[in-house]
Amino acid sequence: MNFCSHCGQPVSLKMPHQDNRPRHVCDACGTVHYQNPKLVVGCIAEWQDRILLCRRAIEPRYGLWTVPAGFMENGETTAQGAARETLEEANARVDDLTLYALFNIPHIDQVYILFRARLLDLDFHPGSETLETILAGEADIPWDRLAFPTVRNSLRRYYADRRAGRFGVHVGTIEALPQP
């Protein structure tokens, strides 16, 4: 950040009074510009014993598979955002959203929140950010072509919970991979 969004003057990275970390602070008007993690929300959309998967038409991870998910927007709840992302990415309508997983991803400043949801019908098709949509059973999941560790971890837990006949809420942290 170089300039204040409030007055347009230069900002400096410094420790505001009674804060505990450096922030961008406007040198002219004193506005503190906080930068906080982004929330990613999405759904494991269920139809009988299968779930909805989307093949990405955008970077990062173009061409790989994921569940419908994306960044939460201002003015919506996490569940509303997850349902909206499912509609945008797969033109799929869902209801009965139940919190399923929350992953902290501190190295990229994100929090990933997944819901289990009931797919309302089979009238779905790729949205503008999706190349292909499918319903997949556990044996059909392209495990080696999943786009994100959060999706892989969530789906492994999902199928373990399904086999156990009981779904819980899972919380975890995805650490950065060591650099070579």
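Here is a walk through the packing of this structure, which is a predicted model.

Let's start in the middle. In soluble globular proteins, nonpolar side chains tend to be buried together. Here the largest nonpolar core has 21 residues, and the members that touch the most others are Ile44, Ile51, Leu53, Val67, Tyr112, Ile141 and Leu155. Who contributes to this core? Strands E4 (38-47), E5 (50-56), E8 (94-105) and E9 (110-119), together with helix H2 (149-164), each give it at least two residues. Apart from this core lies another, made of 16 residues and including Val41, Cys43, Cys54 and Leu135.

Tyr112 is a good place to zoom in. Setting aside residues up to four places away in sequence, Tyr112 touches Val40, Thr66, Val67, Ala69, Ala101, Leu102, Phe103, Ile105, Thr150 and Val151. Pick Thr150 from that list and you land in helix H2. Is Thr150 buried or exposed? With a relative accessibility of 4%, Thr150 falls under the 20% cut-off, so it counts as buried. Beyond its neighbours within four places in sequence, Thr150 is in contact with Phe103, Ile105, Tyr112 and Ile174.

Phe103 takes us on to some strand pairing, since it shows up among the contacts of both Tyr112 and Thr150. Phe103 stands opposite Gly172 in E11, and E8 and E11 run parallel, joined by 4 bridges. Look along E11 (residues 170-173) and you'll see the side chains alternate: His170 and Gly172 point to one face and are buried, whereas Val171 and Thr173 point to the other and are not.

Now hop over to Phe124, in the loop between E9 and strand E10 (130-136). Loop or not, Phe124 has a relative accessible area of 17%, so it counts as buried. What is it in contact with, once neighbours within four places in sequence are left aside? The list for Phe124 runs Leu52, Ala90, Asn91, Ala92, Leu119, Thr133, Ile134 and Leu135. Leu52 is 72 residues from Phe124 along the chain, with 9.3 Å between their C-alpha atoms. Leu135 we have already met, as a member of the 16-residue core.

Finally, the empty space. Rolling a probe the size of a water molecule over the atoms shows where empty space is left. Searching the whole structure turns up 1 cavity of 30 Å³ or more, and the largest cavity has a volume of about 30 Å³. Its lining consists of Cys54, Arg56, Ile58, Thr66, Glu89, Glu129 and Thr130. By type, that lining splits into 2 nonpolar, 2 polar and 3 charged residues. Two of these names are familiar: Cys54 belongs to the 16-residue core, and Thr66 is touched by Tyr112.

Notes:
Residues numbered from 1 in each chain as written. Predicted model: local features only at pLDDT ≥ 70, side-chain atom pairs only at ≥ 80, totals over all residues. Heavy atoms only, no water. Core = buried A, V, L, I, M, F, W, Y, C linked by side-chain atoms within 4.5 Å. Buried < 20%, exposed > 50% of the residue type's maximum accessible area, 1.4 Å probe, protein only. Contact = heavy atoms within 4.5 Å. 1 Å grid on protein atoms, 1.4 Å probe; cavity = no way out; pocket = protein on both sides within 12 Å on 5 of 7 lines; lining within 4 Å. Points joined across faces, edges and corners; volume = space filled by probe spheres on them. Nonpolar A, V, L, I, M, F, W, Y, C, P; charged D, E, K, R; others polar. Pairing = 2+ DSSP bridges.
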